[in-house]
Amino acid sequence: MSSEPEDLVVRQHEDITVVRIKLENLSGIMEIDRISRDLVRMVDDGGVTKLILDLKYTRFFSSSALGMLILLAQKLNAKGGKLVISHPEHILPLLKVTRMGNLFQIADDPKAASKLF
């Protein structure tokens, strides 16, 4: 997808879409809104049902960004799809504190994540 911003890298592996967020700090409302719109568009208009969200470069993740993940997971679930988060090490404390860790499947890296589909 050539129209994606530089902070999103989208790769397709068979029927799995891998989106790597290349922002170190995912807490700004404008960035979260834009990324959320892009990801929801992929699901709603692009037919994506198997999505790996790779957070390798993301070090700080706000509660607003967590809301984005919840929305994305709900959209995918409604379409019979699935969201897997890879490189979750920096959001695990937030998932633990909010007790939302069981809402998402997580994997160490995209390769391990692809095995969860």
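# Reading strand 2 and its surroundings

Reader: Which residues is F61 in contact with, leaving aside its neighbours within four places in sequence?

Author: In this predicted model, F61 is in contact with L26, L55, L66, L69, I91 and L94, once neighbours within four places in sequence are left aside. Contact here requires heavy atoms within 4.5 Å.

Reader: What makes F61 stand out in the largest nonpolar core?

Author: The largest nonpolar core has 28 residues, and F61 is one of the four that touch the most other members. The other three are I21, L26 and L69. Strand 2, helix 1 (29-44), strand 4, helix 2, strand 6 and helix 3 (92-97) each supply at least two residues of this core. Helix 2 gives the most, with 7 residues. In soluble globular proteins, nonpolar side chains tend to be buried together.

Reader: How many strands are in the open sheet, and what is their order?

Author: The open sheet has 5 strands in the order 1-2-4-6-7, and their pairing is mixed. Strand 1 (8-13) and strand 7 (105-107) are the edges: each has a single partner strand, so one side of each has no neighbour in the sheet. On average, neighbouring strands of this sheet are turned by 25 degrees against each other, direction ignored. Helix 2 (residues 63-78) packs on the sheet and touches strand 2, strand 4 and strand 6 (82-86). The direction of helix 2 makes about 145 degrees with that of strand 6.

Reader: What makes strand 1 and strand 2 a pair, and are they parallel or antiparallel?

Author: At least two bridges are needed for a pair. Strand 1 and strand 2 have 6 bridges, in the antiparallel sense. Within this pairing, Q12 stands opposite T17 of strand 2. The two strands form a hairpin, with 2 residues between them.

Reader: What makes strand 2 and strand 4 a pair, and are they parallel or antiparallel?

Author: The need for at least two bridges applies again. Strand 2 (residues 16-21) and strand 4 (residues 50-54) are joined by 4 bridges and run parallel. V18 stands opposite I52 of strand 4, and V19 stands opposite L53.

Reader: Why is V19 called buried or exposed?

Author: Buried means under 20% relative accessible area. The value for V19 is 0%, so V19 is buried. V19 lies in strand 2. Beyond four places in sequence, the contacts of V19 include V9 and V10, as well as L39 and M42.

Reader: Why is R20 called buried or exposed?

Author: R20, also in strand 2, has a relative accessible area of 18%. The cut-off for buried is under 20%, so R20 counts as buried.

Reader: What makes R20 and D54 a polar contact?

Author: A polar contact needs a pair of N or O atoms within 3.5 Å. The side chains of R20 and D54 make such a contact at 2.7 Å. D54 is also among the residues in contact with R20 beyond four places in sequence, a list that includes D7, K56 and Y57.

Reader: Why is strand 2 described as largely enclosed?

Author: Of the 6 residues of strand 2, 6 are buried, so the strand is largely enclosed by the rest of the structure. In a regular strand the side chains alternate between the two faces of the sheet. For strand 2, one side has I16, V18 and R20, and the other has T17, V19 and I21, all of them buried.

Reader: What makes the phi of E14 worth noting?

Author: Most residues other than glycine have a negative phi. E14 is not a glycine, yet its phi is positive, about 55 degrees. E14 is placed in the loop between strand 1 and strand 2. Exposed means over 50% relative accessible area; E14 has 69%, so it is exposed.

Reader: Where is H87, and is H87 buried or exposed?

Author: H87 is in the loop between strand 6 and helix 3. Its phi is also positive, near 55 degrees, and H87 is a residue other than glycine. The relative accessible area of H87 is 15%, so H87 is buried.

Reader: What is the average pLDDT of the protein?

Author: The average is 91, and 96% of the residues score at least 70. Among the elements, strand 4 has the highest mean pLDDT (97) and helix 3 the lowest (86).

Definitions and conventions:
Residues are numbered from 1 along each chain as its sequence is written. This is a predicted model: local features need pLDDT of at least 70, side-chain atom pairs count only at pLDDT 80 or more; totals for chains, interfaces and linings use all residues. Side-chain values use heavy atoms; hydrogens and water are left out. Axes are lines fitted to C-alpha atoms, for helices over the stretch in contact, and angles run from 0 to 180 degrees between N-to-C directions. Buried means under 20% relative accessible area, exposed over 50%, partly exposed in between (1.4 Å probe, protein chains only). A nonpolar core is a set of buried Ala, Val, Leu, Ile, Met, Phe, Trp, Tyr and Cys residues joined through side-chain atoms within 4.5 Å. A polar contact is a pair of N or O atoms within 3.5 Å; within protein, one must be able to donate a hydrogen and the other to accept it, and residues adjacent in sequence count only if both atoms are side-chain atoms. pLDDT is the predictor's confidence in each residue, from 0 to 100.
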